[in-house]
Amino acid sequence: MASFLTRSAIRAASQTPRLAFPKAPSSTTSALRWSSIQNPLSSSSRRFLATTPEKQPSLRLGSEAPNFQAKTTQGDIDFHQWLAGSWAILFSHPADFTPVCTTELGAFSRLAPEFAKRGVKMIGLSANDLSSHSRWIADINEVAATDLQFPIIADADRRVAFLYDMVDAQDLANIDEKGIAFTIRSVFVIDPAKKIRLTMMYPASTGRNTAEVLRVIDSLQTVDKKGIATPIDWTVGQDVIVPPSVSTEDAKKKFGNVREVKPYLRYTKA
Ligand code: BEZ
């Protein structure tokens with residue numbers, strides 16, 4: 001993963017003593033007080049660590065994508081084995097035979113050649129069982145005039161959905177007849193090192209934008225290959241940004257022409 005930190009920032013971070021977080025004491029000690037007792041950090045750093053380690057979100061950009069075993073429409077998988085060192089997208093859907101989900105899966109299926117061109121494997125997830133998925137795929141193929149080829153995980157018990165936090169805390173209408181939370185519309189882009197590189201979370205009521213999923217994959221792959229950053233609304237072929245960690249002199253040696261709008265805003269060709 002490309003780093004945009006300056007050398008001195010990296011040095012300072014690496015010299016900061018690593019914190020060993022012991023287990024939080026009894027519930028009577030507030031998380032904040034406990035945190036400030038345990039963490040010999042500046043007050044601004046402490047603000048971000050005001051929850052106990054157990055309560056910190058576990059899936060962050062750069063986290064390893066958690067492994068799981070699941071039944072899919074193409075057989076049982078171990079997720080890490082299925083990834084097999086490839087880029088991948090894992091995307092979830094609230095339920096089979098629902099209108100927005102049907103349009104989304106049809107669109108992703110029609111774009112399968114675009115994902116393949118970028119070396120990205122695709123895997124969907126919906127909170128129903130395999131027999132339901134098979135019948136639903138027939139509908140998707142009919143409606144979108146496609147031939148859906150990627151696996152869809154059968155996650156009727158929401159085991160994978162909870163592992164990846166693909167659930168909605170607030171939309172109490174978004175539950176099934178047993179009162180279990182449906183999954184929301186999440187996208188995880190995972191790189192060949194199994195690291196989560198991008199997450200998107202959409203509510204059940206709003207279909208995603210497939211062009212944006214492809215655009216961020218293009219950006220991530222270009223960033224990794226060239227050591228650049230990409231500006232707002234960037235698409236392949238447009239100028240890219242020289243990251244702050246690279247001097248203009250070094251950027252000229254590496255990329256050729258550099259267009260300097262501000263000392264901190266410099267464009268070049270990828
Ligand atoms: C849909 O796919 O249309 C949908 C699913 C769950 C809640 C709302 C909409």
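How do the residues of the shell around the ligand divide into nonpolar, polar and charged? In this predicted model, the shell comprises 5 nonpolar residues, 1 polar residue and 1 charged residue. The residues that surround the ligand are Pro94, Thr98, Pro99, Val100, Cys101, Arg185 and Ala204. Helix H5 makes the greatest contribution to this shell, supplying 3 residues.

Polar contacts to oxygen of the ligand involve both side-chain and backbone atoms of the protein. In the side chain of Thr98, an N or O atom lies 2.9 Å from a ligand oxygen. A polar backbone atom of Val100 is 2.7 Å from an oxygen atom of the ligand, and for a polar backbone atom of Pro99 the corresponding distance is 3.3 Å. Of the 270 Å² of accessible area that the ligand has on its own, 75% is covered by the protein.

Helix H5 also takes part in the aromatic pairing. A total of 8 aromatic pairs was counted. In one of them, the ring centres of Phe91 and Phe108 are separated by 4.3 Å and the ring planes meet at 35°; the pair is therefore classed as tilted, since stacked rings require planes under 30 degrees apart and edge-to-face rings over 60. Because Phe91 belongs to strand S3 (residues 87–93) and Phe108 to helix H5 (residues 99–110), this pair ties together parts that are 17 residues apart in sequence. Both Phe91 and Phe108 are buried.

Elsewhere, ring pairs join Phe68, Phe79, Trp82, Tyr164 and Phe188 into a cluster. Within this cluster, the ring of Trp82 has the charged end of Lys121 over it, at 4.5 Å from the ring centre.

Terms used:
Residues numbered from 1 in each chain as written. Predicted model: local features only at pLDDT ≥ 70, side-chain atom pairs only at ≥ 80, totals over all residues. Heavy atoms only, no water. Phe/Tyr/Trp six-rings, centres within 6.5 Å; stacked < 30°, edge-to-face > 60°. Helix = DSSP H or I, 4+ residues; strand = E, 2+ residues; numbered from the N terminus. Buried < 20%, exposed > 50% of the residue type's maximum accessible area, 1.4 Å probe, protein only. Lys NZ or Arg CZ within 6 Å of the ring centre and 35° of its normal. Near = heavy atom within 4 Å. Polar contact = N/O pair within 3.5 Å; in protein donor to acceptor, adjacent residues only side chain to side chain. Areas by Shrake-Rupley, 256 points an atom, 1.4 Å probe, with all protein chains shown as cover. Nonpolar A, V, L, I, M, F, W, Y, C, P; charged D, E, K, R; others polar.
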